[in-house]
Amino acid sequence: MSTTAIVARNNKRKRMTEKYAQKRAELKKLGDYEGLQKLPRNSSATRIRNRCSVTGRGRGVYKTFGLCRNMFRQLALEGKIPGIRKASW
């Protein structure tokens, strides 16, 4: 389980990306790379990490469900994810 500080930092990056998205797009359109460099580093969309919505884990996250592989398996076995069930043959 991730610390709350790491999850909070990622959420801050998401907010900053939304805030500067329009300005960043305008600067890219103009080709003003010096202006882009003056923007905050965390306003770039590439710095956002996909994290599990339950545990905050940053690796093995299924984008469709927003869950890491461990929580996905656990919730699927409990029947809490609609339309998903464990395969058996």
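This is a short dialogue on reading the helices and cores of a predicted model.

Reader: What should be known about the model and its numbering?

Author: The model is predicted, so local features need pLDDT of at least 70 and side-chain atom pairs count only at pLDDT 80 or more, while totals for chains, interfaces and linings use all residues. Residues are numbered from 1 along each chain as its sequence is written, and side-chain values use heavy atoms, with hydrogens and water left out.

Reader: Which residues of helix α3 are buried?

Author: Buried means under 20% relative accessible area (1.4 Å probe, protein chains only). Helices are DSSP runs of H or I with at least four residues, and strands are runs of E with at least two, numbered from the N terminus. In α3, residues 69-77, the buried ones are Met71, Phe72, Leu75 and Ala76. Seen down the axis of α3, they fall within an arc of 130°, taken from the directions from the helix axis to the C-beta atoms, so they line one face of the helix. They pack against β1 (61-62) and β2 (67-68).

Reader: Which residues make up the largest nonpolar core?

Author: In soluble globular proteins, nonpolar side chains tend to be buried together. A nonpolar core is a set of buried Ala, Val, Leu, Ile, Met, Phe, Trp, Tyr and Cys residues joined through side-chain atoms within 4.5 Å. Here the largest has eight residues: Cys52, Leu67, Cys68, Met71, Phe72, Leu75, Ala76 and Ile81. Its largest share, four residues, comes from α3.

Note on methods. Buried < 20%, exposed > 50% of the residue type's maximum accessible area, 1.4 Å probe, protein only. Contact = heavy atoms within 4.5 Å.
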